[in-house]
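Me: I have a model open in front of me and would like to practise reading it feature by feature. Could you walk me through it?

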Amino acid sequence: QVQLVESGGGLVQAGGSLTLSCAASGSSFSINDMAWYRRAPGQQRELVARITSGGSTNYADSVKGRCTISRDNAKNTVYLQMNSLEPEDTAVYYCKLDIEFWAITTSYWGQGTQVTVSS
């Protein structure tokens, strides 16, 4: 069984930085794509950033140049470094990991971590 544990959210002033992390526990699996999503109050969930198993990345236009997604395969962990944060970045952030067991890939979601950016 796989469990995801997110950490790193919090309250920060505009212009500040935060780093989110999401670690998968368990064994005998491999992780394909890793991604971060967010849901702001009253809005739909949106993709923030994605990183493939090969290290290719893509970002939402709203965070390009301000966020960096990275992964540590040895630790089954994905990170999201966020800089120059804006009040519009306030949201609950969720990680999503596509985990492969026995040739079957399943998406797992983290519990969510709140990021609040004050102006």
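Me: Which side chains of E1 point to one face and are buried, and which point to the other?

Reply: This is a predicted model, so please read everything below in that light. In E1 the side chains alternate: Leu4 and Glu6 are on one face and buried, whereas Gln3, Val5 and Ser7 are on the other face and are not buried.

Me: How do I read the pairing of E1 with E3, and what is the bridge partner of Glu6 in E3?

Reply: The general idea comes first: strands of a sheet pair through backbone hydrogen bonds, in a parallel or an antiparallel sense. Here E1 and E3 are antiparallel, with five bridges between them. Glu6 has Cys22 of E3 as its bridge partner.

Me: What is the order of the strands in that open sheet?

Reply: The sheet has four strands, in the order E1-E3-E8-E7, and the pairing is antiparallel. Strand E1 (3–7) and strand E7 (67–72) are the edges; each has a single partner strand, so one side of each has no neighbour in the sheet. From one strand to the next, the twist averages 15 degrees.

Me: And over how many bridges do E3 and E8 pair?

Reply: Strand E3 (residues 18–25) and strand E8 (residues 77–82) are joined by six bridges, in the antiparallel sense. Cys22 stands opposite Val78 in E8.

Me: Cys22 keeps coming up. Which cysteine does a disulfide join to Cys22?

Reply: The test is a distance: two cysteine sulfur atoms within 2.5 Å make a disulfide. By that rule there is one disulfide. Cys22 is joined to Cys95, with an S to S distance of 2.0 Å. This pair links distant parts of the chain, since Cys22 is in strand E3 and Cys95 in strand E9 (residues 91–101), 73 residues apart.

Me: What is the handedness of that disulfide, and are the two cysteines buried or exposed?

Reply: Handedness is read from the torsion about the S-S bond, which is about 50 degrees for Cys22 and Cys95, so this disulfide is right-handed. Both Cys22 and Cys95 are buried.

Me: Why is there no bond from the sulfur of Cys67 to the closest cysteine sulfur?

Reply: The closest cysteine sulfur to that of Cys67 belongs to Cys95, and at 15 Å it is too far for a bond. Cys67 is itself buried, with a relative accessible area of 7%.

Me: Now for Val115: which strand holds this residue, and what is its relative accessible area?

Reply: Val115 is part of strand E11 (residues 113–118). Its relative accessible area is 0%, so Val115 is buried. Leaving aside neighbours within four places in sequence, its contacts include Gly9, Leu18, Leu20, Met82 and Tyr93. Tyr93 is 22 residues from Val115 in sequence, yet their C-alpha atoms are 7.0 Å apart.

Me: Stepping back, how many helices and strands does the protein have?

Reply: The protein has zero helices and eleven strands. Among contacts between residues at least 6 apart in sequence, 54% join residues at least 24 apart.

Me: And what do the radius of gyration and the span tell me?

Reply: For 119 residues a compact globule would have a radius of gyration near 14 Å, and the protein agrees, at 14 Å. Its C-alpha trace spans about 45 × 25 × 25 Å along the principal axes. Of the 119 residues, 39% are buried. The accessible surface is about 6,300 Å², with 46% of it belonging to carbon and sulfur atoms.

Methods: Residues numbered from 1 in each chain as written. Predicted model: local features only at pLDDT ≥ 70, side-chain atom pairs only at ≥ 80, totals over all residues. Heavy atoms only, no water. Pairing = 2+ DSSP bridges. Helix = DSSP H or I, 4+ residues; strand = E, 2+ residues; numbered from the N terminus. Axes fitted to C-alpha atoms, helices over the stretch in contact; angles between N-to-C directions. Buried < 20%, exposed > 50% of the residue type's maximum accessible area, 1.4 Å probe, protein only. Rg over C-alpha atoms; globule rule 2.2 N^0.38 Å. Contact = heavy atoms within 4.5 Å. Areas by Shrake-Rupley, 256 points an atom, 1.4 Å probe, with all protein chains shown as cover.
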